Amino acid sequence: VTVSHTGFVMEVAGKKVFRHASGRGRFVEDTPLERYLRYLKQSVKERQAGRPWRVLGINLAKVLPGPP
């Protein structure tokens with residue numbers, strides 16, 4: 001299994017976001033989940049050409065609220 005990126009699905013200000021390490025620096029960023037999934041779909045198509053491995057799926061983790 002090759003893991004290319006990891007993060008968490010969270011709700012921030014009533015919207016679902018993908019919280020992950022930025023590819024542009026050493027910080028964490030929130031990307032709207034729908035936008036991240038569209039980007040991922042497009043980038044997988046572009047990057048898989050000629051590669052010996054392929055993306056079989058994604059794993060999304062949701063952070064649940066703690067106990068009261």
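In this predicted model, residues 24 or more positions apart account for 19% of the contacts that have a separation of 6 or more in the protein chain. The chain behind that figure has 68 residues, and 21% of them count as buried. On the outside, about 6,000 Å² is exposed, with carbon and sulfur atoms supplying 56% of that area.

What order do the helix and strands come in along the sequence? The pattern reads β-β-β-α, built from three strands and one helix. Two of the strands, strand 1 (7-12) and strand 2 (15-21), are joined by a loop, and Ala 13 has its place there.

Ala 13 deserves a second look. Its phi is near 55°, which is a positive value in a residue other than glycine. For background, most residues other than glycine have a negative phi. Is Ala 13 buried or exposed? With a relative accessible area of 79%, Ala 13 counts as exposed, because the cut-off for that word is over 50%. So the residue with the positive phi sits in the loop between strand 1 and strand 2 and is exposed there.

Then there is the nonpolar side of the surface. Which residues make up the nonpolar patch? Leu 37, Ile 58 and Leu 60 do, and together they cover about 240 Å². As for where Ile 58 comes from, this patch member lies in the segment that follows helix 1 (33-47).

How values were computed: Residues are numbered from 1 along each chain as its sequence is written. This is a predicted model: local features need pLDDT of at least 70, side-chain atom pairs count only at pLDDT 80 or more; totals for chains, interfaces and linings use all residues. Side-chain values use heavy atoms; hydrogens and water are left out. Helices (H or I, at least four residues) and strands (E, at least two) are DSSP runs, numbered from the N terminus. Buried means under 20% relative accessible area, exposed over 50%, partly exposed in between (1.4 Å probe, protein chains only). Contact means heavy atoms within 4.5 Å. Accessible areas come from the Shrake-Rupley method with a 1.4 Å probe; for residues, only the protein chains shown count as cover. Patches are made of residues with over 30% relative accessible area and no salt bridge: like charges are joined within 9 Å, nonpolar side chains (Val, Leu, Ile, Met, Phe, Trp, Tyr) within 5 Å. A salt bridge is a side-chain nitrogen of Lys or Arg within 4 Å of a carboxyl oxygen of Asp or Glu.
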